[in-house]
Structures are given as C-alpha cells and as structure tokens.
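Hi everyone, thanks for coming. I'd like to walk you through one structure today, with a stop at a metal site and another at a pair of helices. Let me put it on the screen.

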Amino acid sequence: MRIDLHTHSRVSDGTQPPAELVRAAVAARLDVVAITDHDTTAGWDEAAAAAVDAGVGLVRGIEVSTRFRGRGVHLLAYLPDPADPALVRELGRILEGRDQRVPAMLERLRDLGIADATEEALAEVTADAAATGRPHVADLLVRLGVVADRGQAFAEYLADGRPAYVDRYATDLVEMLQVVTEARGVPVVAHPWGRGSAEVLDDDAFGRLAEAGLFGIEVDHLDHGPRERGRLREVAGRLGLVVTGSSDHHGTGKTNHDLGCNTTAPRHLERILARAADLGSPTALVGERRGAA
Ligand code: AMP
Ligand code: ZN
Ligand code: FE
Ligand code: FE
C-alpha cells in the first residue's frame with residue numbers, strides 16, 4: 001500500500017489543479033494521497049470529487065504556517081472540520097498576511113530595478129490560488145527572465161535575508177496545535193529538520209509539543225538525510241508519536257519531489273484516521289483505498 005500524506009495543488013503553490021493532482025496520484029500508483037495546500041481548504045471539494053471518480057483514497061489536510069521560537073514551522077493538520085470557527089479565523093489571518101506581503105515584495109523587486117514586477121503580472125502567475133506565496137513571485141521572476149528557476153529566485157531574492165524578503169504573519173505553533181485539535185484535526189509537524197526550523201526543534205521542544213497535542217512527525221521527507229531520519233524516528237518512538245513520509249509534491253514547481261517518493265506506513269495512517277474519528281471529526285477519508293483489504 002502506497003500512502004503519500006503531503007502534496008500541493010495550484011490552490012497554493014503547486015502547479016496542478018486539485019483534480020489533476022488526484023489523477024496524478026493514481027498514475028503514480030498511490031493508494032492514498034493527502035492534499036495539504038498551504039493555509040487553505042479551498043482545494044478539498046474538487047480533490048474529493050476527483051478521488052471518488054478516480055478510485056483513490058484522499059486525506060484532506062492543510063499545511064499551516066506557524067512560528068515557534070522565532071522560526072517558521074509548517075504544521076500538517078489532517079482531517080479537521082473545515083468550518084470550525086477558530087480554525088477559519090486563524091487561517092484567514094494567515095491568508096491576509098500572505099496577501100499583504102505580495103505587493104510589498106513586488107515593490108522591493110521594482111526598487112531593485114525589475115520594473116515588470118507588478119501585481120498585474122503576478123495575477124497571471126497566481127491564477128486561481130487561494131494562498132499566494134513566495135513561489136508565485138519566484139515563478140514571475142522566471143517568466144520575466146530574471147532567474148532560471150524557483151531555486152535561483154529564492155537564493156537571490158526571496159529567501160530570508162535576501163533583498164526582496166518580506167516577513168508575514170504566522171500563528172504561534174503551540175496555539176495552532178490547540179486550534180487544530182479543537183477543530184478535531186490531527187496535527188503532524190512537517191519536515192521539522194528542514195530549512196529554518198531545525199535549530200529550534202530540539203528534543204526538549206518535541207517533548208513540549210507532544211504535551212501540547214502534537215500527534216506525529218513527518219520523518220521521511222527529502223529535507224532529511226538518513227541520519228536525521230534515524231534520529232527523528234527515535235524521537236517519535238520515545239514520545240509515542242506517529243511517523244509519516246511524503247513527497248511534498250508541488251507539481252513542476254519543485255524538482256525531485258515526485259508523488260510517492262517517500263511514503264507512510266499503513267499503521268501510521270490508521271492511527272491518524274482513528275484519532276480524527278475519536279475526536280468526532282466530520283471529515284474522514286474519502287474515495288476508495290485501492291490497497292485496502
Ligand atoms: P511562503 O509560504 O510564501 O513563505 O513560501 C514558502 C514556500 O516556498 C515553501 O513551501 C517552500 O517549499 C518554498 N521555498 C522556501 N525556500 C525555498 C527555496 N530556497 N527554494 C525553493 N523553494 C523554496
Ligand atoms: Zn509549498
Ligand atoms: Fe512545508
Ligand atoms: Fe509543503
């Protein structure tokens with residue numbers, strides 16, 4: 001059974017519409033796929049309809065932008081109630097922060113001499129995205145011929161500390177663990193030892209986060225090498241947390257992150273599904289799990 005619990009569609013910074021993402025999951029021989037766009041559930045319904053049609057299990061989730069000890073941490077929230085008022089309010093704040101940041105970044109780029117970095121030009125790149133982000137600005141820079149790809153755009157302009165970087169609002173991680181749990185969702189920390197968050201997520205931090213409701217750790221992710229994966233597995237084992245693996249697929253927006261390049265063991269998915277059911281979540285797995293016995 002092949003299970004991939006972290007992917008993005010064009011609703012955030014992936015490049016495929018949700019339905020196409022789901023069909024690509026079938027083509028990649030996945031039995032279960034999660035859609036986890038940044039800070040929005042806007043792709044859920046289209047993905048769910050496609051999953052039922054295509055015959056693949058779909059876990060509906062969100063990759064929430066949070067902050068912990070001054071660093072950005074991504075929190076995967078699986079199967080929450082999408083209408084939960086506190087969750088809706090907090091995601092709204094984050095999306096507002098995203099929308100405010102974009103014009104500020106474009107202004108920086110124009111100040112740097114890139115005159116065509118306008119909101120009109122960006123609108124062509126963001127298309128139907130509910131969550132706009134730096135990858136969209138990166139795509140604009142590619143389109144304008146300023147850089148070759150997203151990676152170069154981050155390295156030269158958009159990464160923290162580069163000249164067009166602008167900070168934005170993100171919810172405190174401990175607060176978001178509570179919001180997600182009260183929305184009857186299951187929180188799993190995404191690529192904890194990837195860019196930025198490695199320094200602040202030490203053993204002590206994981207202990208505190210587990211007490212605050214963290215349910216799992218995304219261990220098998222391209223941001224982690226074999227050594228990190230081994231150590232994160234130990235941390236998860238010690239704290240009784242589930243271990244997930246996923247591609248963090250972004251369509252053609254991120255190279256190497258092919259669907260199913262990392263996967264989650266079925267027993268860990270079962271624990272996530274059982275937890276959401278225990279919490280009384282109205283959101284469950286939809287579509288047929290092809291590998292299900
Ligand atoms: P944002 O949420 O708008 O701040 O953008 C963060 C997104 O940009 C994440 O989903 C990352 O996948 C992507 N990202 C961050 N740093 C880089 C980088 N150096 N190269 C390519 N993509 C990046
Ligand atoms: Zn992304
Ligand atoms: Fe992420
Ligand atoms: Fe992601």
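Before the metals, one definition: an N, O or S atom counts as a donor if it lies within 2.8 Å of the metal, or 3.2 Å for Na, K and Ca, and since water is not among the atoms, sites may look incomplete. Please also keep in mind that this is a predicted model.

So, two metal ions to start with: the iron ion, ligand 4, sits 4.2 Å from the zinc ion, ligand 2. Which residues hold the iron ion (ligand 4)? Its coordination comes from NE2 of His-6, NE2 of His-8, an OE atom of Glu-63 and an OD atom of Asp-248, at 2.0 to 2.2 Å. Along the sequence, the spacing of those donor residues reads H-x1-H-x54-E-x184-D. Glu-63 belongs to strand E3 (residues 57–68), while Asp-248 is in the loop between strand E8 (242–245) and helix H10 (266–278), so this pair, 185 residues apart, links distant parts of the chain. Both Glu-63 and Asp-248 are buried.

For those of you who care about geometry, the angles among the four donor atoms run from 76 to 163°, and the iron site is irregular.

Now over to the helices. H3 (residues 85–111) packs against H7 (residues 173–182) with the axes 9 Å apart and an angle of about 140°. That angle makes H3 oblique to H7. On the H3 side, the contact is made by Ala-86, Leu-87, Glu-90 and Ile-94, and on the H7 side by Glu-175, Met-176 and Val-179. Sorted by class, this contact has five nonpolar residues, two charged ones and no polar ones.

Thanks, everyone, and over to you for discussion!

How values were computed:
Residues are numbered from 1 along each chain as its sequence is written. Chains are lettered from A and ligands numbered from 1 in the order in which they are written. This is a predicted model: local features need pLDDT of at least 70, side-chain atom pairs count only at pLDDT 80 or more; totals for chains, interfaces and linings use all residues. Side-chain values use heavy atoms; hydrogens and water are left out. Four donors count as tetrahedral if all angles lie between 85 and 135 degrees; four count as square planar and six as octahedral if opposite donors are over 155 degrees apart and all others between 65 and 115; anything else is irregular. Helices (H or I, at least four residues) and strands (E, at least two) are DSSP runs, numbered from the N terminus. Buried means under 20% relative accessible area, exposed over 50%, partly exposed in between (1.4 Å probe, protein chains only). Axes are lines fitted to C-alpha atoms, for helices over the stretch in contact, and angles run from 0 to 180 degrees between N-to-C directions. Angles under 35 degrees count as roughly parallel, over 145 as roughly antiparallel, 65 to 115 as roughly perpendicular and the rest as oblique. Contact means heavy atoms within 4.5 Å. Ala, Val, Leu, Ile, Met, Phe, Trp, Tyr, Cys and Pro count as nonpolar, Asp, Glu, Lys and Arg as charged, and the others, Gly among them, as polar.
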